[in-house]
Amino acid sequence: MNMNRKDFLRKIQELEFAVIELNLFLDTHPSHQQALADYNRLTQELMNAKIMYERQYGPLTNFGYAPSQYPWQWALTPWPWEDDYECKEDMACGYMKKS
Amino acid sequence: MWIYEKKLEYPVKVSSCNPILASLIIEQFGGADGELAAALRYLTQVWTMPIPQAKAILTDIGTEELAHWEIIGTMVYQLVKDLPESKIEGTPFAAHFANHGKSPYPHDASGVPFTATYFNAKGDPIADIYENMAAEQKARATYEHLINLSDDPGVTDALRFLREREIVHFQRFGETARLLQEYMDSKRFY
């Protein structure tokens, strides 16, 4: 699997959205077995996707949730409000770059 | 304990520089029914909730609201970051720029700074959850106003996502209100 960063991130955002939605539902329906099965299945898929993503593009989370290559990738990789966060490999979407 | 994730909950791609729109959507960054008020409201109410479902839903929705606050801040910043100062002059964003430059700051669309008086923690679970249901509806209405005002397809797309989240949160709080009512009714039989 060798998706570009933007597509890979989108896939993670989709999976995590489904997990958030199921999480909130389970908070008020803790005995709902189908929702729990879906939550566990998608959580496993999300965890696997994050491990693959972090290997290629650096950590998504700090404080011991993901190891880092040298040098400290947490500080050096782009932040979510920066243009090149989603667009690192296809800069065509650098829609507001100064010309 | 909170963990930061280096991504947005929903992808944001503003279509162009737009200081007018930035000065409008900042309502949801620091306004009475905005995302910061929502996050602080729910995360502050959590201590006195009597049932586990209510503690969980307040923690989780409060945390999601912080992610929404980040989305609004990102859009405000991206709408103005490449603007020369000459293009800010004469726009509604100029008053914000005079104090904060291009940094987002929690105030509402008319410049009133954020205050904790926008929400309450009453120490009374029914009062708190009904405040939250009202807050979600007021935020939904604000998003509908902003969607009607927005002329940027990328911003409109993210606003539509955020509006839908208000509806889901309202639903979950409604279920929480019912669970709380059942809990309080059941206690009377002891």
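Is His96(B) buried or exposed? His96(B) is buried, at 6% relative accessible area. The legends below describe close-up views of a predicted model.

**View 1. His96(B) and its surroundings in chain B.** His96(B) sits in helix H6 of chain B, which covers residues 94-100. The His96(B) side chain makes a polar contact with the side chain of His107(B), at 2.7 Å. Leaving out residues up to four places away in sequence, His96(B) touches Ile26(B), Gly101(B), Ser103(B), Pro104(B), Tyr105(B) and His107(B). With a relative accessible area of 6%, His96(B) falls under the 20% limit and therefore counts as buried.

**View 2. The interface of chain A and chain B.** Here 39 residues of chain A meet 36 residues of chain B. The two chains bury about 3,100 Å² between them. Carbon and sulfur atoms hold 59% of that buried area. Polar links are found here too: 10 residue pairs are in polar contact across the interface, both residues at pLDDT 80 or more. The count of salt bridges between chain A and chain B is 3. On the chain A side, helix H1 (5-28), H3 and helix H4 (83-87) each supply at least two residues that touch chain B. H1(A) gives the largest share, 14 residues.

**View 3. Lys7(B) and its salt-bridge partners.** Lys7(B) forms a salt bridge with Glu16(A), with the closest N and O atoms 2.9 Å apart. Lys7(B) also forms a salt bridge with Glu5(B), and here the closest N and O atoms are 4.0 Å apart. Lys7(B) is buried, with a relative accessible area of 4%. Glu5(B) is buried as well, at 16%. Both values are under 20%, so both residues count as buried.

**View 4. A salt bridge within helix H8 of chain B.** Glu175(B) and Arg172(B) meet through their side chains in a salt bridge, 2.9 Å from N to O. The two residues are 3 apart in helix H8 (residues 153-187), so about one helical turn separates them. Glu175(B) and Arg172(B) are both buried. Elsewhere, salt bridges that share partners join Glu16(A), Lys50(A), Glu5(B) and Lys7(B) into one network. Over all chains, the whole structure holds 15 salt bridges.

**View 5. A salt bridge within helix H7 of chain B.** The side chains of Arg140(B) and Glu144(B) meet at 2.9 Å, N to O. Both residues lie in helix H7, 4 residues apart, or about one turn of the helix. Arg140(B) is partly exposed, at 22% relative accessible area. Glu144(B) is also partly exposed, at 26%.

**View 6. Ile126(B) and its contacts.** Ile126(B) lies in helix H7 of chain B, residues 125-149. Setting aside neighbours within four places in sequence, Ile126(B) is in contact with Leu180(B), Gln181(B) and Met184(B). Thr176(B) is 50 residues from Ile126(B) in sequence. In space, the C-alpha atoms of Ile126(B) and Thr176(B) are 9.4 Å apart.

**View 7. A nonpolar surface patch with residues from chain A and chain B.** Phe63(A), Tyr65(A), Met1(B) and Ile3(B) form this patch. Together they have about 520 Å² of accessible area. Tyr65(A) lies in the loop between helix H2 (33-57) and helix H3 (73-76) of chain A. Tyr65(A) counts as exposed because its relative accessibility is 56%, over the 50% limit.

**View 8. Chain A and chain B as the setting for the close-ups.** Chain A has 4 helices and 0 strands. Chain B has 8 helices and 0 strands. Of the 99 residues in chain A, 41% are buried. Of the 190 residues in chain B, 52% are buried. Chain A exposes about 6,000 Å², with 55% of it from carbon and sulfur atoms. Chain B has an accessible surface of about 8,500 Å², and carbon and sulfur atoms account for 58%. Among chain B contacts between residues at least 6 apart in sequence, 77% join residues at least 24 apart. In chain A, 53% of the contacts with a separation of 6 or more come from residues 24 or more positions apart. The C-alpha trace of chain B spans about 70 × 30 × 30 Å along its principal axes.

Technical notes:
Residues numbered from 1 in each chain as written. Chains lettered and ligands numbered in written order. Heavy atoms only, no water. Patch = residues over 30% accessible without salt bridge, like charges linked within 9 Å, V, L, I, M, F, W, Y side chains within 5 Å. Areas by Shrake-Rupley, 256 points an atom, 1.4 Å probe, with all protein chains shown as cover. Buried < 20%, exposed > 50% of the residue type's maximum accessible area, 1.4 Å probe, protein only. Polar contact = N/O pair within 3.5 Å; in protein donor to acceptor, adjacent residues only side chain to side chain. Contact = heavy atoms within 4.5 Å. Buried area = accessible area lost by both parts, 1.4 Å probe.
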